[in-house]
Structure formats: C-alpha cells, structure tokens
Amino acid sequence: LYSTFSTLKDAEVGGNKLPIWACGGLSGLAFYVSTLPIDRVKTIMMTQDLKHARMSPWEAFWGVYESQGLVGFYRGCSA
C-alpha cells in the first residue's frame with residue numbers, strides 16, 4: 001500500500017511532517033490489517049477436507065464472521 005505511505009509522507013500533523021519511519025510503520029500496519037482477512041479465508045480454503053463439499057470463499061468469509069465476528073479474522077495475531 002504505497003499510496004498510504006505516500007499520503008502520510010506528505011501529510012502534516014500540527015504543522016509538522018511525520019517522520020519517514022512513522023509513515024513506513026503506519027503504512028505497514030494498514031497493509032497487514034487490510035490483507036489478513038484475505039489470508040485467513042485462503043488458509044481455511046486450503047485446509048478444508050476434500051472428501052466433503054467444498055466451500056466458496058464467500059462461505060468461508062461469512063462462516064468466520066458469523067461465528068467469531070471481525071476478531072476471527074485476526075485470530076493468532078498479537079501486539
């Protein structure tokens with residue numbers, strides 16, 4: 001998400017520009033938070049039993065969301 005980095009690099013907070021390391025850290029966090037749900041769905045689909053009916057990506061997504069909520073997409077992550 002280079003666009004996040006680029007936008008933050010040019011932004012001003014209280015009249016001061018953010019340090020480059022902060023822009024990089026925040027853009028990395030934005031990337032991680034936005035792509036982890038996709039990775040969770042991919043992992044569910046790759047580990048499902050092939051002997052039973054296969055679920056679609058939407059079924060995997062809604063299954064996680066209905067059973068665990070948004071937190072289910074970030075299970076296993078720690079700060």
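Leaving aside its neighbours within four places in sequence, which residues is Ser27 in contact with? I should like to open with that question, and to return to it once the chain as a whole has been introduced. Please keep in mind throughout that this is a predicted model.

Let me begin with the overall layout. The chain contains 3 helices and 2 strands. Read from the N terminus, its elements follow the order α-β-β-α-α. The radius of gyration is 18 Å, whereas the globule rule gives 12 Å for 79 residues, so the chain is more spread out than a compact globule. Along the principal axes, the C-alpha atoms occupy a box of roughly 60 × 20 × 20 Å.

A few totals complete this overview. Of the 79 residues, 20% count as buried. The chain exposes about 6100 Å², and 65% of that area is supplied by carbon and sulfur atoms. Among contacts with a separation of 6 or more, 35% are between residues 24 or more positions apart.

I turn now to the packing of helices. Two packed helices are described by the angle between their axes and by the distance between those axes. Helix 1 covers residues 2-10 and helix 2 covers residues 20-47. Their axes are 9 Å apart, and the helices pack at an angle of about 145°. The crossing of helix 1 and helix 2 is right-handed. On the side of helix 1, the contact is made by Thr4, Phe5, Leu8 and Lys9. Helix 2 contributes Ile20, Cys23, Gly24, Leu26, Ser27 and Ala30. Sorted by class, this contact has 6 nonpolar, 3 polar and 1 charged residues.

We can now return to the opening question. Ser27 lies in helix 2. Beyond its neighbours within four places in sequence, Ser27 is in contact with Leu1, Thr4, Phe5 and Leu8. Is Ser27 buried or exposed? Its relative accessibility is 10%, and buried means under 20%, so Ser27 counts as buried.

Gly25 is also placed in helix 2. With 42% relative accessibility, Gly25 counts as partly exposed. Gly25 and Gly63 are 38 residues apart in sequence, and their C-alpha atoms are 31 Å apart in space.

Just before helix 2 we find Pro19, in the loop between strand 2 (16-17) and helix 2. Pro19 has a relative accessible area of 34% and is partly exposed. From Pro19 to Ile38 there are 19 residues along the chain, and the C-alpha atoms of the two are separated by 30 Å.

Let us move on to Met45, which is again in helix 2. Which residues does Met45 contact, leaving aside its neighbours within four places in sequence? They are Arg54, Met55, Ser56, Pro57 and Ala60. Met45 and Ala11 are 34 residues apart along the chain, with 40 Å between their C-alpha atoms.

One of those contacts of Met45, namely Ser56, deserves a closer look. Ser56 lies in the loop between helix 2 and helix 3 (57-68). The relative accessible area of Ser56 is 29%, and this residue is partly exposed. Ser56 is 49 residues from Thr7 along the chain, and their C-alpha atoms are separated by 35 Å.

To conclude, I would draw attention to two places along helix 2. At Ser27, the partners include Thr4, Phe5 and Leu8, which also belong to the part of helix 1 that makes the contact with helix 2. At Met45, the partners include Ser56, a residue of the loop between helix 2 and helix 3. As for the chain as a whole, it is more spread out than a compact globule. Thank you for your attention.

Key: Residues numbered from 1 in each chain as written. Predicted model: local features only at pLDDT ≥ 70, side-chain atom pairs only at ≥ 80, totals over all residues. Heavy atoms only, no water. Axes fitted to C-alpha atoms, helices over the stretch in contact; angles between N-to-C directions. Helix = DSSP H or I, 4+ residues; strand = E, 2+ residues; numbered from the N terminus. Left-handed = near helix turned anticlockwise from the far one by under 90°. Contact = heavy atoms within 4.5 Å. Nonpolar A, V, L, I, M, F, W, Y, C, P; charged D, E, K, R; others polar. Rg over C-alpha atoms; globule rule 2.2 N^0.38 Å. Buried < 20%, exposed > 50% of the residue type's maximum accessible area, 1.4 Å probe, protein only. Areas by Shrake-Rupley, 256 points an atom, 1.4 Å probe, with all protein chains shown as cover.
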